[in-house]
Amino acid sequence: MTRIYIALGSNLADPMHQVQNALDALATLPDSQLIATSSLYRTPPYGPANQPDYLNAVAALETTLSAEALLDHTQRIEQQQGRVRKAERWGARTLDIDILLFGNLSINNTLLIVPHYDMHNRAFMLLPLVEIAPDITFPDGTRAADILAQLDSHDIRPW
């Protein structure tokens, strides 16, 4: 089994409902077990400011799925919950699920970049990650807590 970490975010269509449904769906993935879920956080939007605050969380799973198979499942969960992919980046959405870490693997192909390509700049991803995995390190050996300590997280609040 490989330990993986997934970020979840929502700011449309009852974000609490969206994230809880996504967590329920993650808990039923084949060959996988949901082992931890962070607290829920309210964060200002990343990108265009003219949208509602986000509910953000991180979940840890143990899985024997491949990274690509896991990606297929997470994208299916997003679609089932009304996710529409638009040309605009960082816009409002019913649900966003990102694979942050997949064991100690570094993956960079046309489908997937792991570790998540920009999580080192996103306190809203790192704060819940460090909450459930305080000593987590990235494949390059960098501690997530050390990166988080360098970021401004003053505007992240409990949901």
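Is His 116 buried or exposed? Keep that in mind as we walk through this predicted model, starting with the whole chain and then moving inside.

Let us begin with the overall layout. The chain contains 4 helices and 8 strands, and reading along the sequence gives the order β-α-β-β-β-α-β-β-β-α-α-β. Along its principal axes, the C-alpha trace spans about 40 × 35 × 30 Å. A compact globule of 159 residues would have a radius of gyration near 15 Å, and the chain has 15 Å, which agrees. Of the 159 residues, 47% count as buried. As for the surface, about 7800 Å² is exposed, with carbon and sulfur atoms supplying 50% of it. The contacts also reach far along the sequence: among those between residues at least 6 apart, 69% join residues at least 24 apart.

Now step inside. In soluble globular proteins, nonpolar side chains tend to be buried together. Here the largest nonpolar core has 24 residues, and the members that touch the most others are Ile 6, Leu 8, Leu 26, Leu 70 and Ile 77. Two or more residues each come from β1 (2-10), α1 (15-27), β4 (54-63), α2 (67-80) and β5 (96-102). The largest share, 5 residues, is given by α1. Apart from this core lies another, of 22 residues, which includes Tyr 5, Ala 60, Met 125 and Ala 133.

Ile 77 is a good place to pause. Leaving aside neighbours within four places in sequence, Ile 77 is in contact with Ala 22, Ala 25, Leu 26, Leu 29, Leu 95 and Ile 97. One of these partners, Leu 95, sits in the loop between α2 and β5. Leu 95 counts as buried because its relative accessibility is 0%, and the cut-off for buried is under 20%. Although Leu 95 and Ile 77 are 18 residues apart along the chain, their C-alpha atoms are separated by 8.7 Å.

Next, look at helix α3 (123-132). Because 7 of its 10 residues are buried, α3 is largely enclosed by the rest of the structure. The buried ones are Ala 123, Phe 124, Met 125, Leu 126, Pro 128, Leu 129 and Val 130. Their cover includes β1, β3 (41-43), β4, β5 and α4 (144-149).

Ile 132 also belongs to α3, but with a relative accessible area of 22% this residue is partly exposed. Not counting residues up to four places away in sequence, Ile 132 touches Tyr 5, Ala 36, Thr 37, Ser 38, Val 58, Ala 59 and Ala 60. From Ile 132 to Val 58 there are 74 places in sequence, yet the C-alpha to C-alpha separation is 8.0 Å.

That brings us back to the opening residue. His 116 is found in the loop between β7 (113-114) and α3. With a relative accessible area of 8%, His 116 is buried, since the cut-off is under 20%. Setting aside neighbours within four places in sequence, the residues in contact with His 116 are Asp 98, Ile 99, Leu 100, Arg 122 and Met 125. Met 125 links this spot to what came before: Met 125 is among the buried residues of α3 and also a member of the 22-residue core.

Finally, take a look at the aromatic rings. The structure holds 1 aromatic pair. There is also a charge over a ring: Arg 42 lies over the face of Trp 159, at 3.9 Å from the ring centre.

How values were computed
Residues numbered from 1 in each chain as written. Predicted model: local features only at pLDDT ≥ 70, side-chain atom pairs only at ≥ 80, totals over all residues. Heavy atoms only, no water. Phe/Tyr/Trp six-rings, centres within 6.5 Å; stacked < 30°, edge-to-face > 60°. Lys NZ or Arg CZ within 6 Å of the ring centre and 35° of its normal. Core = buried A, V, L, I, M, F, W, Y, C linked by side-chain atoms within 4.5 Å. Buried < 20%, exposed > 50% of the residue type's maximum accessible area, 1.4 Å probe, protein only. Contact = heavy atoms within 4.5 Å. Rg over C-alpha atoms; globule rule 2.2 N^0.38 Å. Areas by Shrake-Rupley, 256 points an atom, 1.4 Å probe, with all protein chains shown as cover.
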